[in-house]
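Here is a set of short exercises to work through with the model open beside you. Try each task yourself before you read the solution.

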Amino acid sequence: MKRSKRQGKARVVARAVLPTRFGPFSIAGIKGRGPDEEAVAIQHGRLKPGTAPLVRIHSQCLTGDVFMSERCDCRAQLELSLRKIAKARSGIVLYLPQEGRGIGLINKVKAYELQDEGLDTVEANRQLGFAADSRDYDFAAAALKALGVRRVRLLSNNPDKINQLERGGVRVVERIPCRPRTSHHSRAYLRTKKQKLGHILAGL
Ligand SMILES: [Zn+2]
């Protein structure tokens, strides 16, 4: 991987207050250089220079986040993160519009169709011609740096996310497991995450 190509740039283009069910937050709109590079950051508390805020990097999941689907644990992880961050001194949910592990909404529904026929999430993505996980966290690192964040305590079970952030110049000083209660519907999905994508999910 070419390092110079991975060093993306991003900037904050808008900020506003965002009262939520979990407490007071603010929202920032962040844009990168590429046409698809945009995200919003939901922030709680003030970021103090040199400290590491609690951070969750969340990839958009329309079916989970909005329709509360139990095929995956996205909504449960998002809620747990917002609750923890609202209680922390400072924290951020960086919300990335990369639906379906980067394959897009319609392809995700196609993948669900294949899963209903017995394939797991990784096999379904591969049958559709995609990598098991097409997400790229290089822009996420650039977005965090645009917010003035260079060190984080990361809410995540995904070692690849940690590696990519560190490569992008954001130090992960601590990993905090993100394990909400989940329904039995998402058990096979989580087992695939653990067995095929290397997520750290003890007890599954
Ligand atoms: Zn999901």
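What share of the contacts in the chain with a separation of 6 or more is accounted for by residues 24 or more positions apart? The share is 61%, where contact means heavy atoms within 4.5 Å.

Two notes before going on. This is a predicted model, in which local features need pLDDT of at least 70 and side-chain atom pairs count only at pLDDT 80 or more, while totals for chains, interfaces and linings use all residues. Residues are numbered from 1 along each chain as its sequence is written, and side-chain values use heavy atoms, with hydrogens and water left out.

**Exercise 1. Describe the chain as a whole.**

Step 1: Begin with the secondary structure. The chain holds nine helices and seven strands; these are DSSP runs numbered from the N terminus, with helices being H or I of at least four residues and strands E of at least two.

Step 2: Check the compactness. The radius of gyration is 17 Å, close to the 17 Å from the globule rule for 204 residues, so the chain is as compact as a globular protein of that length. That radius is taken over C-alpha atoms, and the rule is 2.2 Å times the number of residues to the power 0.38.

Step 3: Add the dimensions. The C-alpha trace spans about 50 × 40 × 30 Å along its principal axes.

Step 4: Turn to burial. Of the 204 residues, 46% count as buried, meaning under 20% relative accessible area (exposed is over 50%, partly exposed in between; 1.4 Å probe, protein chains only).

Step 5: Count the charges. There are 39 positive and 19 negative side chains, with the centres of the two sets 9 Å apart. Lys and Arg count as positive and Asp and Glu as negative, leaving out His and the chain ends; each charge is placed at NZ of Lys, CZ of Arg, CG of Asp or CD of Glu.

**Exercise 2. Test the length of helix 3, then look at one of its leucines.**

Step 1: Helix 3 covers residues 74–87, and its 14 residues should span 20 Å at 1.5 Å a residue; the end C-alpha atoms are 20 Å apart, which agrees. The expected span is 1.5 Å times one less than the number of residues.

Step 2: List buried positions. Among them are Cys74, Arg75, Leu78 and Ile85.

Step 3: Take leucine 80, which also sits in helix 3. Leucine 80 is buried because its relative accessible area is 17%. Beyond four places in sequence, leucine 80 touches Cys178, Arg179 and Pro180.

Step 4: Leucine 80 and leucine 155 are 75 residues apart in sequence, with 9.7 Å between their C-alpha atoms.

**Exercise 3. Decide whether two charged residues are buried or exposed, and find their partners.**

Step 1: Lysine 161 belongs to helix 8 (residues 159–167). Its relative accessibility is 4%, so lysine 161 counts as buried. Apart from residues up to four places away, lysine 161 touches Arg56, Ile57, Tyr137, Leu154 and Ser156.

Step 2: Glutamate 99 lies in helix 4 (residues 99–102). With 6% relative accessibility, glutamate 99 is buried too. Its contacts outside four places in sequence include Gln60, Thr63 and Lys108.

**Exercise 4. Find a positive phi.**

Step 1: Go to the loop between helix 2 (62–66) and helix 3, where methionine 68 is placed.

Step 2: Read the angle. Phi of methionine 68 is near 60 degrees, a positive value in a residue other than glycine. Most residues other than glycine have a negative phi.
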